[in-house]
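Q: I'm new to this structure and would like a close look at a single part of it. Could you take me through the sheet and whatever surrounds it?

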Amino acid sequence: PPSTPSMADRFAAVVRLGRALASSLSIGEVHRALREGTTRVLRINRCLLFEVEAGAIRGHDAPLSAVHADTVAACVAAERSQVVDLPEGAGGTPLSVLCVPVLARGAVVRVIYAEQRGLTGFFGPQEVRLTEFLATLAGAALENTAGFQAVRALSRSLEERTIELTQRNEELVTIKEELEAF
């Protein structure tokens, strides 16, 4: 298909999101970039993240009870994207929901919950593929963040140990000098 301003805008937004995720140094930065970027790229009403640990789903941005929880659970159980259209969603308003798993080290660790209120059929194959790509970027960013945090903790530990050893060395030099003077 020919390139439209809409497609060009989406591509630019995906590139910006990729850069933001790649440069994230904390989990909070990854979450913020993913939420904001997904909202911008998909042009949706609401994007939430849910944390998954040992199969348990925890609301990160909102409680699970505030969304279509069955779709989130199905996404985690199947480890694949789920699209649901509800002609009578929250408050009788039509609702289109897309849930995409974010995998890190082969396990589902987050779920992207995208919601478009006011209509059904909003999430087609293009939106699903695009969100799955964003989820792949987010999974890599979460893995990098975990590695960065581990390196940071190791560096702090080494710095503390170096200080301890330097102090101990100074004590030994003082003891040595006292013994030589004796």
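**The sheet and its surroundings**

A: Let's begin at a turn. In the hairpin of β1 and β2, two residues sit between the strands, and Ala 54 there takes a positive phi near 55°. Keep in mind that this is a predicted model. The two strands of this hairpin, β1 and β2, are paired in the antiparallel sense over four bridges. One of the residues involved is Val 52, whose bridge partner in β2 is Ile 57.

Now step back to the whole sheet. It is an open one made of five strands, in the order β2-β1-β5-β4-β3, and the pairing is antiparallel. β2 (56-59) and β3 (82-86) stand at the edges with a single partner strand each, so one side of each has no neighbour in the sheet. From one strand to the next, the twist averages 25°. As for what holds such an arrangement together, strands of a sheet pair through backbone hydrogen bonds, either parallel or antiparallel.

Moving along from β1, you come to β5. Six bridges join β1 to β5, and the two run antiparallel. Here Glu 51 stands opposite Arg 110 in β5. On to the next pair: β4 (residues 95-104) and β5 (residues 107-117) are antiparallel too, with 10 bridges between them. Leu 98 is found opposite Ala 114 of β5. Between these two strands there's a loop, and Arg 105 lies in it. Arg 105 has a positive phi of about 50°, although it is not a glycine. With 65% relative accessibility, Arg 105 counts as exposed.

What about the helices? Helix α2 (residues 27-42) lies across β1 (46-53), β4 and β5, and runs at about 140° to β1. Helix α3 (residues 69-78) also packs on the sheet, where it touches β1, β2, β3, β4 and β5, and its direction makes about 35° with that of β4. Leaving α2 for β1, the chain passes through a loop that holds Arg 43. Arg 43 has a positive phi of about 55° without being a glycine, and its relative accessible area of 39% makes it partly exposed.

With all that around it, how does β1 fare? Six of its eight residues are buried, so β1 is largely enclosed by the rest of the structure. Cys 47 is buried, with a relative accessible area of 7%. You might wonder about disulfides at this point: a search of the whole structure finds zero of them. For Cys 47, the nearest cysteine sulfur is that of Cys 99, 9.9 Å away. For Cys 99, the nearest is that of Cys 75, at 5.5 Å. A disulfide needs the two sulfur atoms within 2.5 Å, and Cys 99 is in none. Cys 99 itself has 0% relative accessibility and so counts as buried.

That brings us to the nonpolar packing. In soluble globular proteins, nonpolar side chains tend to be buried together. The largest nonpolar core here has 27 residues, and those touching the most other members are Leu 21, Leu 34, Leu 42, Leu 98, Val 102 and Ile 112. α1 (5-22), α2, β1, β4, β5 and α4 (125-181) each supply at least two residues of this core. The largest share, seven residues, comes from α4. There's also a second, separate core of 15 residues, and among its members are Leu 48, Val 72, Cys 75 and Val 111.

Leu 42 is a good one to zoom in on. Setting aside residues up to four places away in sequence, Leu 42 touches Arg 10, Leu 98, Ala 114, Phe 122, Phe 123, Glu 127, Leu 130 and Thr 131. Leu 98 and Ala 114 turn up in that list, and they are the pair standing opposite each other across β4 and β5.

Let's finish at one edge of the sheet, with Val 83 in strand β3. Val 83 is partly exposed, at 37% relative accessible area. Neighbours within four places in sequence aside, Val 83 is in contact with Val 97, Leu 98, Phe 123 and Val 128. Pro 94 is 11 residues from Val 83 in sequence, and their C-alpha atoms are 14 Å apart in space.

Terms used. Residues numbered from 1 in each chain as written. Predicted model: local features only at pLDDT ≥ 70, side-chain atom pairs only at ≥ 80, totals over all residues. Heavy atoms only, no water. Pairing = 2+ DSSP bridges. Axes fitted to C-alpha atoms, helices over the stretch in contact; angles between N-to-C directions. Contact = heavy atoms within 4.5 Å. Buried < 20%, exposed > 50% of the residue type's maximum accessible area, 1.4 Å probe, protein only. Core = buried A, V, L, I, M, F, W, Y, C linked by side-chain atoms within 4.5 Å.
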